[in-house]
Amino acid sequence: MENFFQDVINHLEGYYNSIVDLTPKFILAILVILVSWFIASRVGIFAGNRLKAKMHDRLLAIFIARLIKSVLIIIGILFMFRIIGLEGVAQSMLAGAGISAFVIGFALKDIGENFLAGILLAFKRPFSIGDIIESNGVKGEVINLNLRDTEVKSDSKIIYIPNALLIKNTLINYNSEGFLLQTFTVGLEYGSDYTRAIELVKEILGKDENVTEKDHENAAVITDVIAGGIIQLNIRYWVKTASTTENSECRSKIIAAVLKKLKENGFILK
């Protein structure tokens, strides 16, 4: 019995000594993480400011700065594992347990996929900050691109779209060199003077100071005849890119002007 208690005491002493030996390493590891996070944050801010000043593409500058910050944090985490002695254990686990690597890879598939998609979006440049895009049933103004998702502002709501969805699915960019395409449809009574209606619409578009015709074609065309003999007149035009609110106000003003003009000239709207 004395030997049993002596073995228990020896094991407890061994655990205590191990904890004492590891405590400085844990404290140092925590300091490494904190210092790495601080340095990564400062370098990220510095790189972001420098890149924004030197690059025309603000979105790409922000993305690269965040990528640099993330890489520095990952390096700090690797140093932390090295300090507490888990580097060899992690390598042994990855080398000896293929199934574990498979499970981990599968679990992180979506995160890695969105990360790589974010890099592709940052360098492929299908849109910039301030552009109006539509994808996956969401239409709004791009306000930010992160490593995992893209932030879109739509009707005063911030919507986060995973980057992989923007790569995989159809993406519509309504902007072209600082101009935004706007469209709407007006229903005319069958038998109306369609040529006159088109002329009136073009007259309204030509008088609006926000509408541009430089290198962009504005149009008013008959697109379809629907049930009840209603003729669909589709109007499309380009305006200078502004905030989402200003774009909505501009569209509203033009629609109101077109409807008023058509009614004043005797057209029956459907």
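**Exercise 1. Locate D208, decide whether it is buried or exposed, and list its contacts beyond the immediate sequence neighbourhood.**

Step 1. D208 is found in the loop that runs between α7 and β8 (211-212), in a model that is predicted.

Step 2. The relative accessible area of D208 is 13%. Because the cut-off for a buried residue is under 20%, D208 is classed as buried.

Step 3. When neighbours within four places in sequence are left aside, D208 is in contact with K253 and I254.

**Exercise 2. Starting from I254, describe the largest nonpolar core and state which element gives the largest share of it.**

Step 1. With neighbours within four places in sequence again left aside, the contacts of I254 are F184, L205, D208, V211 and Y237, and D208 is thus met again from the other side.

Step 2. I254 belongs to the largest nonpolar core, which has 24 residues; it is listed with L233, I235, Y237, V258 and L262 among the residues with the most contacts inside that core.

Step 3. Two or more residues of this core come from each of β7 (179-189), α7 (194-207), β10 (230-240) and α8 (244-264), and α7 gives the largest share, with 6 residues.

Step 4. A second core, separate from this one, has 13 residues, including L60, F63, L121 and V152.

**Exercise 3. Determine how I198 is placed with respect to I235 and which residues I198 contacts.**

Step 1. I198 is a residue of helix α7.

Step 2. I198 and I235 are 37 residues apart along the chain, and their C-alpha atoms are separated by 8.9 Å.

Step 3. Apart from neighbours within four places in sequence, I198 is in contact with A220 and L233; L233 is one of the residues with the most contacts inside the largest nonpolar core.

**Exercise 4. Find how many aromatic pairs the whole structure holds, and characterise what is found by geometry, position and burial.**

Step 1. Searching the whole structure gives 1 aromatic pair.

Step 2. The pair is formed by F184 and Y237, with 6.3 Å centre to centre and 70° between the planes. Because planes over 60 degrees apart count as edge-to-face, the pair is assigned to that class.

Step 3. F184 lies in strand β7 and Y237 in strand β10, 53 residues apart, so that the pair links distant parts of the chain.

Step 4. F184 has a relative accessibility of 7% and counts as buried, and Y237, at 0%, counts as buried too.

**Exercise 5. Work out the strand order of the open sheet of 5 strands, and explain why β4 and β5 each have one side without a neighbour in the sheet.**

Step 1. The strands are arranged in the order β4-β3-β2-β1-β5, and the pairing is antiparallel.

Step 2. β4 (157-162) and β5 (172-173) stand at the edges and have a single partner strand each, which means that one side of each has no neighbour in the sheet.

Step 3. At the β5 end, strand β1 (residues 132-135) is joined to β5 by 2 bridges, and I133 stands opposite N173 there.

Step 4. Strand β2 (residues 138-145) is joined to β3 by 4 bridges, with L145 opposite T150, and a hairpin of 3 connecting residues leads from β2 to β3.

Step 5. Between β3 and β4 there are 6 bridges, D149 having P162 as its bridge partner; these two strands also form a hairpin, with 2 residues between them, and D155 in the turn has a positive phi of about 50°.

Step 6. Strand β3 (residues 149-154) is mostly covered, as 5 of its 6 residues are buried.

**Exercise 6. Identify the ring that K139 lies over, and the distance from its centre.**

The ring is that of Y174: K139 lies over its face, at 4.2 Å from the ring centre.

**Exercise 7. Compare the UniProt record for residues 26-47 with the model, and then summarise the whole chain.**

Step 1. The unreviewed UniProt entry places the feature "transmembrane region" at residues 26-47, 59-84 and 90-108.

Step 2. In the model, residues 26-47 are 100% helix and 0% strand, with the end C-alpha atoms 31 Å apart.

Step 3. The chain contains 8 helices and 10 strands, and buried residues make up 31% of its 270 residues.

Step 4. Of the contacts in the chain with a separation of 6 or more, 65% are between residues 24 or more positions apart.

Key. Residues numbered from 1 in each chain as written. Predicted model: local features only at pLDDT ≥ 70, side-chain atom pairs only at ≥ 80, totals over all residues. Heavy atoms only, no water. Core = buried A, V, L, I, M, F, W, Y, C linked by side-chain atoms within 4.5 Å. Buried < 20%, exposed > 50% of the residue type's maximum accessible area, 1.4 Å probe, protein only. Contact = heavy atoms within 4.5 Å. Pairing = 2+ DSSP bridges. Phe/Tyr/Trp six-rings, centres within 6.5 Å; stacked < 30°, edge-to-face > 60°. Lys NZ or Arg CZ within 6 Å of the ring centre and 35° of its normal. UniProt positions renumbered as here; feature names shortened; annotations may be inferred.
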